[in-house]
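Colleague: I'm new to reading protein models. Could you walk me through one, feature by feature?

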Number of protein chains: 2
Amino acid sequence: MDYMAELAEKGAIAKQAARKLAALSTSVKNKALLAMADALETGYSTIVAANAKDVERAEAGGMAKPLIDRLLLNQARIQAMAEGVRQIAALPDPVGESLSGWVRPNGLNITKVRVPLGVIGIIYEARPNVTVDAAGLCLKAGNAVILRGGSEAINSNTAVTAVIAEAAYAAGVPEGAIQLVETTDRQAVAAMLKLNKYLDVIIPRGGAGLIKTVVENSTVPVIETGTGVCHTFVDATADLAMAQDIAFNAKVSRPGVCNAMETLLVHQAIAADFLPAMLERYHQAGVDLRGCPETMKYHQAVKPATEEDWAAEFLDLILAVRVVGNLDAALEHIAAYSTRHSEAIVTRDYDNARRFQQEVDAAAVYVNASTRFTDGFEFGFGAEIGISTQKLHARGPMGLPELTSIKYVVNGNGQIR
Amino acid sequence: MDYMAELAEKGAIAKQAARKLAALSTSVKNKALLAMADALETGYSTIVAANAKDVERAEAGGMAKPLIDRLLLNQARIQAMAEGVRQIAALPDPVGESLSGWVRPNGLNITKVRVPLGVIGIIYEARPNVTVDAAGLCLKAGNAVILRGGSEAINSNTAVTAVIAEAAYAAGVPEGAIQLVETTDRQAVAAMLKLNKYLDVIIPRGGAGLIKTVVENSTVPVIETGTGVCHTFVDATADLAMAQDIAFNAKVSRPGVCNAMETLLVHQAIAADFLPAMLERYHQAGVDLRGCPETMKYHQAVKPATEEDWAAEFLDLILAVRVVGNLDAALEHIAAYSTRHSEAIVTRDYDNARRFQQEVDAAAVYVNASTRFTDGFEFGFGAEIGISTQKLHARGPMGLPELTSIKYVVNGNGQIR
C-alpha cells in the first residue's frame, strides 16, 4: 500500500473512531489505560525484540552513542512507560467539563462544554516512549491519534503500538483510536501535513528542523512546540546568592532542554560584585562562556559573543552573558532575541518585578525562580504533551485540557430569530 | 514601495506597537475607541468622498448591484460603524483577567493570566465596515492589527483607517496599532500568509474561496471562519408546529449567512404529517426545494437532490430535504456532510435530545431552536470577529476573549530545580 492510500485509510478509520471516542465514558477510558500499562509490562519481551532490530540497524549505520541510548528499550524503560500511562489514568477527565453557562433574554440556555479535538496527528523523532505517552494522553482526552515516529524506531514503534492498541480495543476503545503510520517513506510526513480532511490538529515533537518543516508546510492547524531561547536578568537589587543559584540551575541542571537558560543578563550596577564568582562557577562546571566586552573583564575564560550567540538555542553547556544598563535595556534585549518560552528576573524591587512580568511576552515569566520549572509536571498538570511556543490555542506546558476544544450546547423551547 | 517592503515595515512597527499595547490601560483604550467613533462621525464627508471613487470605479467595471450596495458608505452607515465602536468601548476588557492560580508544593505561585495575542492580520473582502469593526475589536483586546481589505474598497478603507488611526493615536494608542496594507498588489496577500516574523495570527473574513486560499497557504496560525452546511433534524416526537417555525426560520430569515440551514432532515414516522405543509410554506416563500425520492412524494415542486446538494452551502433560497429512518441515520448524514458549524434537532424525546447534543460534532448544537442564533451578539458576547469552524483556539462565535492568549506569571523566592 502506498503512503497516500495508507494515510487516507487510517484517517478515515480515525475519524470514525473519534466520533465514538467523544462519547466514551471516563471509566472505559481509564480501564483501557490500565490495560495498556499491563500489556506493556507483560508484552515487554516482544517489544524488546523489535527494539533490538532498530538498535542493531542503528549501530550498523554508525548512529552516535547518545542517540542509540535514546532509542534503546529495556524492561526498566518499558515499566516506566507503563507507569506513565497509569498516571494518565489517574488524572481527571477533561471531556464534558462545563466551562460556563448562561440564559439569554429569549430563554435560550447556552452551555460551553469541553469536547475532544477529534483526530490528532503526532509527528516525532527517535524516542519510542513518545508513542505510548502521546497515545495515552490523546485517549484520555477522547481523541483518536495518528502517530508518525522516526524511521530509526519503526520496529519498536510498530511493536509498542500493536501492544497498546490491542489492549485498548479489548477494553472497549473503538478500533482506529490508536494508529501508527507504518510506511517509512519520508513523503508520508508531507502528506500528513495536508490531511485536513481527517486531521484536526498536528503536534510536532522533536528538534527545531522537524518543527520548522511542520510549521512551514502544514495546512492542518499546528501547535508549535519547542524552541526556547530563555533569559535570566539579574537586577541591581537582586539577592546575589539567590541569583547565582538560580542562574546556575537554569543553565547547568539540564542544558539540553527547551526551558534551560541560554543568555544571562546582568545589571551593570552589580556586575562587578556578581559576575566574577558566577563566571568562575560556570567555568568550573565546564560551561563555554561567550560575553559582551563588559562581561569579558570579569573572567578570562569568556570569549567574545557574536550576534548569532544572542539568538542561539545552544541546548548545551554554552552560555551568552551580557551586561545591560538597566531594566529597559534588559527588556529590549529579551524582546529582540526571546523565543517567548520562559524568562526570569531576579530582583528585590517590587516595581521592576511587576514591570518584567507585565511587559515580557513569553509563555512563562518568572520572578526569583529558575526557568527550568516550565514543565507540565512542575506546573502540577500531571502530564505534558509538549510546551507550546505559539499563542493560539495553547501556550506553555500543555496538559490534557490543551488536547480539547469546546462546543456550545444550546437548549430552547421553540426560539426563532 | 513594493509590497514586501511595505509588509516588513508595517510588521515591524506593529510588533513594536503590540508591546506597548499589551500594557495599555483599559481607560486609555476606551477613550481611544470613543475618539475613533467621534472621528468617524465628524470625518464622514472625507470617507464618503473616498468611497464615491470606489463606487464609481465599481460601476464602470460592471460590478453587480448587490455588491455595489455592500461597498457603499453613507452618513447613516458611518454612524452605524461609530455606534459599533462605542459598543466595543462598553465591553469588559479581557486583558489581565486571572483565569486560574495555584501554589506548588515548593512554594512557587503560578497564575494564568489573559494577555493579547500580539499582532493580528485580518484579510477581508469588499465591506469597508469590517475595517472599523476589526480595528476596534483588536484594539480593545490589546492587539495591533494589520488590515488587508479588498482592492475594490481601497479608497474607502484608506480613508477610514486614516480617520480612526489618527484619533486613536491622539488618544494615547501607540502608533502602528492600526495599519492598512495600502498596495492592491494581489501578491501582498500571499506574502502576508508567510509573515510569521511579525504576525501571531491571521483571521480571514470573507467567502469560501478567500478562506480556502488562506488556510491552504498560510504558515502563520489561522483561525478558520465561515462555511456552514447546517442541518435541522425533525424527530418523530417533534412538536410539528414548533418544528415548522424553526425549520422555516432557519432557512428563510436570512439565507445568505453561515448559520442558515442548508439541509432539512425529517424522521420517516412523521414525514407524511409534517412535510406537505412544510414544503408548501417553503414553496410559497420562493424556496427552491431539492429532495430525496421520499420527500418528492409530498410536494410536486421538489426536484431530485444530487449528491452535491447534500454537501452544498447554498447561501440562498435553496434547501435540500431528506427523509431518514431514525436518529442514527440523521446522525450519520450530519457526520458525513456537516461543516461542524451549527446543527439542530426538534424533539420531545429526552434521550434523543441528549444523544444529539453529545454525539453531533459542531460548534453549536441546538435542541428546539433555530440554528440562526449562532452569532456573537445573539450569544450575548456583545461583539463578534467571526465564527470559527475549526477546533483549535476558538470554536463558534468569537468575541473579545477569543482575541487573546494567556501567559503564566510565576512568583518564587529562590526556587531551583
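Modeller: Sure, we'll go through the nonpolar cores, the aromatic rings, the contact between chains and the salt bridges.
This is a predicted model, so local features need pLDDT of at least 70 and side-chain atom pairs count only at pLDDT 80 or more, while totals for chains, interfaces and linings use all residues. Residues are numbered from 1 along each chain as its sequence is written, chains are lettered from A and ligands numbered from 1 in the order in which they are written, and side-chain values use heavy atoms, with hydrogens and water left out.

Colleague: Okay, cores. Which residues have the most contacts inside the largest nonpolar core?

Modeller: General idea: in soluble globular proteins, nonpolar side chains tend to be buried together. We call a set of buried Ala, Val, Leu, Ile, Met, Phe, Trp, Tyr and Cys residues a nonpolar core if they are joined through side-chain atoms within 4.5 Å. Buried means under 20% relative accessible area, exposed means over 50%, and partly exposed is in between (1.4 Å probe, protein chains only). Here the largest core has 80 residues, and the ones with the most contacts inside it are M36(A), L40(A), I122(A), L147(A), V173(A) and I178(A). Helix α7 (residues 154-170) of chain A gives the most to this core, with 9 residues. Helices (H or I, at least four residues) and strands (E, at least two) are DSSP runs, numbered from the N terminus. Apart from this core lies another, of 79 residues, including L24(B), A144(B), I146(B) and V201(B).

Colleague: What does I122(A) touch?

Modeller: Contact means heavy atoms within 4.5 Å. Leaving out residues up to four places away in sequence, I122(A) touches A134(A), C138(A), V145(A), I146(A), L147(A), R148(A), M192(A), I203(A) and I385(A).

Colleague: Next, rings. How many aromatic pairs are there over all chains?

Modeller: A pair of aromatic rings is described by the distance of the centres and the angle of the planes. Rings of Phe, Tyr and Trp (its six-membered ring) pair if their centres lie within 6.5 Å; planes under 30 degrees apart are stacked, over 60 edge-to-face, and the rest tilted. Searching the whole structure gives 12 pairs over all chains. Take W102(A) and F381(B): they're tilted, at 6.0 Å centre to centre with 50° between the planes. This pair crosses between chains, from strand β1 (residues 98-103) of chain A to the loop between β13 (364-369) and β14 (386-388) of chain B.

Colleague: Are those two rings buried or partly exposed?

Modeller: W102(A) is partly exposed at 24% relative accessible area, and F381(B) is partly exposed at 22%. F381(B) also pairs with F379(B), with centres 5.9 Å apart and planes at 85°, so that pair is edge-to-face. F379(B) is buried, at 1%. Ring pairs link W102(A), Y408(A), F379(B) and F381(B) into a cluster.

Colleague: How do I size up the contact between the two chains?

Modeller: The size of an interface is often given as the accessible area lost when the parts come together. Buried area is that loss (1.4 Å probe), summed over both parts. Chain B and chain A bury about 5,900 Å² between them, 50% of it on carbon and sulfur atoms. In chain B, L392(B), Y408(B) and R417(B) lose the most area to chain A, together 15% of what that side buries. The contact takes 74 residues from chain B and 73 residues from chain A.

Colleague: And how many salt bridges cross that interface?

Modeller: Side chains of opposite charge can pair when their charged atoms come close. A salt bridge is a side-chain nitrogen of Lys or Arg within 4 Å of a carboxyl oxygen of Asp or Glu. The rule finds 10 across the interface of chain B and chain A, and 54 over all chains. R19(B) and E332(A) form a salt bridge with N to O at 3.2 Å.

Colleague: Which parts of chain A do R290(A) and D309(A) link?

Modeller: Their side chains meet in a salt bridge at 3.0 Å, N to O. R290(A) is in strand β9 (residues 288-291) and D309(A) is in helix α13 (residues 307-311), 19 residues apart. D309(A) counts as buried, at 7% relative accessibility.

Colleague: Where do E216(B) and K212(B) lie?

Modeller: Both lie in helix α9 (residues 208-217) of chain B, 4 residues apart, about one turn of the helix. Their closest N and O atoms are 3.4 Å apart in a salt bridge. E216(B) is partly exposed at 42%, whereas K212(B) is exposed at 52%.

Key:
Buried area = accessible area lost by both parts, 1.4 Å probe.
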